[in-house]
Each structure stands twice: as structure tokens, then as C-alpha cells.
Amino acid sequence: MAAKPKLTEIDYLRALAIVAVLVIHGTAAATMLPSGSVPQTVFFLINKASLFTVPLFIWISGLVLFYTYGDRWKPGMAREFWWKRLRKIAVPYVLWSLFYYLWNQWLYHGTVRFDPWYFVKLLLSGNASYHLYYMVIILQFYLVFPLLISLVKAYPWVQKALIPLGLGIQAAAYGCHHWVHPLPEYDSLLLGYSAYFCFGAYAGLRYGAVAAWAKRRHVWVRAAAVLAGVLFAGGLLLQQLGRVALSSAWYELDLVLYAMAVPMACLPAARALAARTGLVAKGGAALGAASFGVYLAHPAILTLWDRLAPEPDAQRWLYSAHTAAAILVGLAGAYALARVYASAMRKAARR
């Protein structure tokens with residue numbers, strides 16, 4: 001069976017997600033400014049409103065995998081699938097984990113040593129750098145993907161029930177972790193993100209119908225995404241200021257609704273951009289295509305940029321400008337590195 005056409009609009013969703021990653025990491029320090037100050041409030045709200053990014057990346061992964069393999073999956077394809085992901089994802093993960101393990105030692109302590117057992121622990125948990133836990137989550141989903149798609153192919157009801165199944169698994173994991181017994185490395189377990197992956201899987205299997213539904217309901221879906229985002233970020237701000245006191249379960253539920261509404265709200269706009277040829281369309285597509293490289297490289301650039309940060313109490317406007325610039329510097333620098341690397345790989349492949 002011939003491969004399906006590439007969904008070029010997904011690159012725009014990747015671009016949105018990677019910009020949100022840079023926003024979160026670039027504004028993280030500024031959220032620790034004196035509570036209630038104008039800069040802290042602005043950066044705090046922007047930071048929390050961007051927390052849809054990891055769920056969005058996971059949703060995209062589920063969509064692309066099930067869109068690509070949904071019609072042509074056979075039981076014997078598991079080994080080929082895993083080998084492909086090993087080369088494209090696992091190997092870069094190990095190499096970049098090693099880089100950050102050594103880089104952070106040199107940058108913060110001025111010395112470098114290598115403890116193989118400690119490094120293995122970092123690999124398993126995704127803690128070699130603050131952003132690499134996402135790689136552990138994705139690798140887990142790749143590991144179980146052959147089983148999940150085989151169940152979908154064998155039992156039609158599984159496909160219809162993907163969204164409630166994902167929500168149920170994620171809710172059960174959250175309840176167990178918070179109210180029964182803490183799960184080890186919960187933030188890096190696929191169980192805590194199953195709703196987004198299964199929703200993406202459903203969208204990939206029924207992409208045409210899902211995209212058409214999002215277009216028909218775009219006003220309501222966008223309103224739902226904005227409302228959920230405002231309630232989530234605003235609620236966390238009020239909680240920090242001591243104005244409200246709600247259980248974390250309410251914020252978790254709101255984040256799930258917010259993160260599941262964002263791709264549906266943005267998909268029609270992404271499809272519209274994919275039909276254009278202007279500078280914005282080309283730039284967004286290029287950024288989305290390079291998002292994996294930007295994701296891997298940006299913390300190193302942000303760490304260097306933070307070395308130039310003024311004292312928070314010296315001139316607040318200068319510190320705020322530096323924080324805002326961190327997003328652009330990290331994005332531009334990591335994008336440039338990703339393009340250079342991609343160009344070098346293409347030249348090496350032609351030799």
C-alpha cells in the first residue's frame with residue numbers, strides 16, 4: 001500500500017509547540033520575581049499558559065504514527081518500526097544526554113567527570129537536562145505503539161474507545177500517584193500523558209473527519225481553548241497570591257481540557273497556512289521541520305544567555321527585556337544549529 005501524503009499542516013503545530021517550549025524555559029526564572037509585581041505576573045501567566053506544549057507534541061506523535069501506519073500495519077512490522085525509532089530518536093537522546101551531563105558539569109562546576117552508573121540513571125529518568133524527560137515519555141509510547149495499533153486493528157471497538165481509554169488511564173495514574181502511592185518518576189511515565197497520545201491516535205486514524213469537525217466547530221473550540229487556558233493560568237496565579245485554595249486535581253483536569261482543545265483550535269489555521277506560500281507560511285513550516293533539533297539544543301543556548309542576565313533587583317525593566325530576549329535568542333540560536341546540522345547530514349549522505 002502506498003504511503004499517505006505528508007500532513008504539511010502538522011509542521012505548523014510543531015512550530016507552535018516549540019515556541020511554547022522556549023517561552024516556558026525562557027521565562028522560568030522570571031516567574032520567581034517578587035510575587036504580585038507586574039513583571040512576575042506577566043511572565044507567570046505567559047509561562048503557565050504555554051504548558052500545553054508537551055501534550056501537544058505527544059498528540060502530534062500519536063496522530064502521525066496512527067495516520068502513517070493505520071492502514072498498512074502488519075504484526076511483523078514491529079522490529080522494523082523499533083529499529084527506525086532507535087536510529088532517529090534513541091541515539092540522539094543518548095548523545096544529547098551525554099552532552100548535557102558533561103556540559104552542565106563544566107559550566108556550573110568547572111570540572112568534568114563521568115560516572116557510568118549515574119549516567120544510566122539519568123538516561124532512564126530523562127534528568128540529564130531539564131527538558132529531556134519528554135524523550136523518555138516518547139520512547140515509552142514508541143515501545144508500546146506496536147501493541148496498541150495491533151489492538152486497534154484486531155478490535156474495532158478499541159479505535160472507537162481510544163479517547164475515553166486514554167482519559168481513563170491518565171486519570172487512574174493521577175489518582176494512584178496523588179492519593180494512593182507515589183509512582184516512581186511519575187513526570188516521565190507515559191501513563192500521565194495517555195489521554196493526549198490516544199486522542200492523537202484517534203485523530204490520525206480518522207484525520208479527515210476530525211479536521212472537518214474542527215473546522216466546522218472552530219469558533220466554539222477556540223473559545224473553549226481560550227477559556228480553559230485563562231482558568232488554568234489565572235487560577236494558578238490566584239493560588240500563588242493566596243486568593244484561592246484549590247486541589248491540584250482541579251488544575252490537572254483544566255490542563256487536560258486545555259491541552260486537548262489547543263490542537264483542535266489550531267488545526268484549521270494550520271491547514272489554511274499549509275495552502276499558502278508567503279513568508280510566514282514558509283517560516284512556520286521550516287521551524288516546525290526543525291523543531292526536534294531546536295528542542296534538543298536550546299537549553300545550552302539559554303544557559304549561556306542567562307550568564308548575561310542582570311540582577312533581578314537592579315533594573316526591573318532591563319531584567320524583563322533580557323527575559324523576553326531569551327526566547328528569541330534561544331529560538332534563533334537553536335534553529336541555526338539545527339539547520340547547520342541538517343545540512344551537514346545531507347552532505348554526508350550524498351558522499
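**Entry 1: the core.** I looked up the largest nonpolar core in this predicted model. The core holds 99 residues, and Ile58, Trp59 and Phe66 have the most contacts inside it. I then asked which helix gives the largest share of this core. Helix α12, residues 248-274, does, with 12 residues. I noted a general point beside this: in soluble globular proteins, nonpolar side chains tend to be buried together.

**Entry 2: Trp59.** I listed what Trp59 touches, leaving aside neighbours within four places in sequence. The contacts are Leu13, Tyr196, Phe199, Gly200, Ala203, Pro263 and Met264.

**Entry 3: α3 and α9.** I turned to helix α3 (residues 53-69) and helix α9 (residues 194-205). They pack at an angle of about 35°, and their axes are 7 Å apart. Their crossing is right-handed. On the α3 side, the residues in contact include Ile58, Trp59 and Phe66. On the α9 side, Tyr196, Phe199, Gly200 and Ala203 are among them. Sorted by class, this contact has 13 nonpolar residues, four polar and no charged ones.

**Entry 4: α4 and α5.** I looked next at helix α4 (residues 78-109) and helix α5 (residues 116-125). The angle between them is about 125° and their axes lie 10 Å apart. Why is α4 called oblique to α5? The angle of about 125° falls outside 65 to 115 and is not over 145, so α4 counts as oblique to α5. This crossing is right-handed. α4 makes the contact with Tyr93, Val94, Ser97, Leu98 and Tyr101, and α5 with Tyr118, Phe119, Leu122 and Leu123. I recorded eight nonpolar residues here, one polar and no charged.

Key. Residues are numbered from 1 along each chain as its sequence is written. This is a predicted model: local features need pLDDT of at least 70, side-chain atom pairs count only at pLDDT 80 or more; totals for chains, interfaces and linings use all residues. Side-chain values use heavy atoms; hydrogens and water are left out. Axes are lines fitted to C-alpha atoms, for helices over the stretch in contact, and angles run from 0 to 180 degrees between N-to-C directions. Helices (H or I, at least four residues) and strands (E, at least two) are DSSP runs, numbered from the N terminus. A crossing is left-handed if the near helix is turned anticlockwise from the far one by less than a right angle, and right-handed if clockwise. Contact means heavy atoms within 4.5 Å. Ala, Val, Leu, Ile, Met, Phe, Trp, Tyr, Cys and Pro count as nonpolar, Asp, Glu, Lys and Arg as charged, and the others, Gly among them, as polar. A nonpolar core is a set of buried Ala, Val, Leu, Ile, Met, Phe, Trp, Tyr and Cys residues joined through side-chain atoms within 4.5 Å. Buried means under 20% relative accessible area, exposed over 50%, partly exposed in between (1.4 Å probe, protein chains only). Angles under 35 degrees count as roughly parallel, over 145 as roughly antiparallel, 65 to 115 as roughly perpendicular and the rest as oblique.
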